[in-house]
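Q: Could you take a close look at one part of this model with me, and then walk me through the surroundings? I would like a connected account rather than a list.

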Amino acid sequence: MINYKVTIRYTAKWEYGDVMKKDLIIKALKLRDVGFTTADIAEELNISVDTALYLVLNGEKLLKEPEKQIEKDKNIDIYVEWDNVKISSKRLKNIALIMCDMLKDVEFDTVIGISTGGVPLATLISEEMDKNFSIYIPKKHLHSKDSSTGFIGHNYPSTEGKGVVVVDDVMTSGNTMKETIKYLKNIGVPKKAVVIIDKSGIKEIDGVPIKALFRVGTVELEK
């Protein structure tokens, strides 16, 4: 049996008593410096866009006061680190096999990976289940700020009128998944979406069930 440990770190609601993690700040600043947008940083680090923006704007100041308890009124956000899984194709394949099992009751033609985190998973699933493979590029990855939606990769089989399933690694707010399903409903028939980690708590979008290997939430405890 393979056991995967999901590390959960609290990275927001910087109220008195919570300690900022330096490694997360450093990662956010490095991504900013190489040209990542705030949305891209949020996706890369599996945090909300609000958290990413706060780190980008305040990172240098926070690093000058390491481990200092910082008072700031924000909602809880959770940073899920699963690098030890996604750096290994063998480990990713095992995750993909679990997703295949979750899709065995669905009749579909094409598995669509949301760029970028869902692409390797969708590739492995399509191979295992002998289905067509395609990519959805969300609007947050497009250079044009005027784009109202993303698009399906042009070099892949057409999904017009086809039954499709959507795959992603982490669903944070659910906005990208909502955008993807809305787009697909105009050209095909989305049957189900599967993610590794869901932070949004959304179980259905416009009639399309959302299944997750792990659902992450917070529990408020009285002091």
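In which loop is threonine 116 found?

A: Happy to help. Threonine 116 sits in the loop between strand E3 (110-114) and helix H6. Please keep in mind that this is a predicted model. The peptide bond that leads from serine 115 into threonine 116 is cis, with omega near 5°. Most residues other than glycine have a negative phi, and most peptide bonds are trans. A second spot to look at on that score is asparagine 46, whose phi is near 60°, a positive value in a residue that is not glycine. Asparagine 46 belongs to the loop between H2 and H3.

Let us follow the chain from the threonine 116 loop into H6. Helix H6 (residues 118-129) packs against helix H5 (residues 89-102), with the axes 9 Å apart and an angle of about 60° between them. An angle under 65 but not under 35 degrees counts as oblique, so H5 is oblique to H6. The crossing of H5 past H6 is right-handed. On the H6 side the contact involves Pro120, Leu121, Leu124, Ile125, Glu128 and Met129, which meet Leu92, Lys93, Ile95, Ala96, Leu97, Met99 and Cys100 of H5. Sorted by type, the residues of this contact are eleven nonpolar, two charged and no polar.

Now to the other loop, the one with asparagine 46. The helices that flank it also pack together: H2 (residues 38-45) and H3 have axes 8 Å apart, at an angle of about 110°. H2 and H3 are therefore roughly perpendicular to each other. Thr38, Ala39, Ile41 and Ala42 of H2 make this contact with Val49, Ala52, Leu53 and Val56 of H3. Seven of the residues in the H2 and H3 contact are nonpolar, one is polar and none is charged.

H3 has another partner. The axes of helix H1 (residues 22-33) and H3 (residues 49-64) come within 9 Å and cross at roughly 125°, so H1 and H3 are oblique to each other. Their crossing is left-handed. From H1, the contact takes in Lys22, Leu24, Ile25, Ile26, Ala28, Leu29 and Arg32, while H3 brings Leu55, Val56, Gly59, Glu60, Leu62 and Leu63. This contact of H1 with H3 comprises nine nonpolar residues, one polar and three charged. Val56 of H3 is in the contact with H1 and in the contact with H2.

Aromatic rings are worth a glance too. The whole structure holds two aromatic pairs. In one of them, the ring centres of phenylalanine 133 and tyrosine 156 are 5.5 Å apart and the ring planes stand at 85°, so the pair is edge-to-face. Phenylalanine 133 is in strand E4 (residues 132-137) and tyrosine 156 is in the loop between strand E5 (151-152) and strand E6 (163-171), so the pair links distant parts of the chain, 23 residues apart.

Finally, a word on confidence. The chain averages a pLDDT of 84, and 83% of the residues score at least 70. Residues 1-19 stay under 50, and the model gives them 60 contacts beyond four places in sequence. Where pLDDT is low, the predicted coordinates should not be read in detail.

How values were computed:
Residues numbered from 1 in each chain as written. Predicted model: local features only at pLDDT ≥ 70, side-chain atom pairs only at ≥ 80, totals over all residues. Heavy atoms only, no water. Axes fitted to C-alpha atoms, helices over the stretch in contact; angles between N-to-C directions. Helix = DSSP H or I, 4+ residues; strand = E, 2+ residues; numbered from the N terminus. Parallel < 35°, antiparallel > 145°, perpendicular 65-115°, else oblique. Left-handed = near helix turned anticlockwise from the far one by under 90°. Contact = heavy atoms within 4.5 Å. Nonpolar A, V, L, I, M, F, W, Y, C, P; charged D, E, K, R; others polar. pLDDT = per-residue confidence, 0-100. Phe/Tyr/Trp six-rings, centres within 6.5 Å; stacked < 30°, edge-to-face > 60°.
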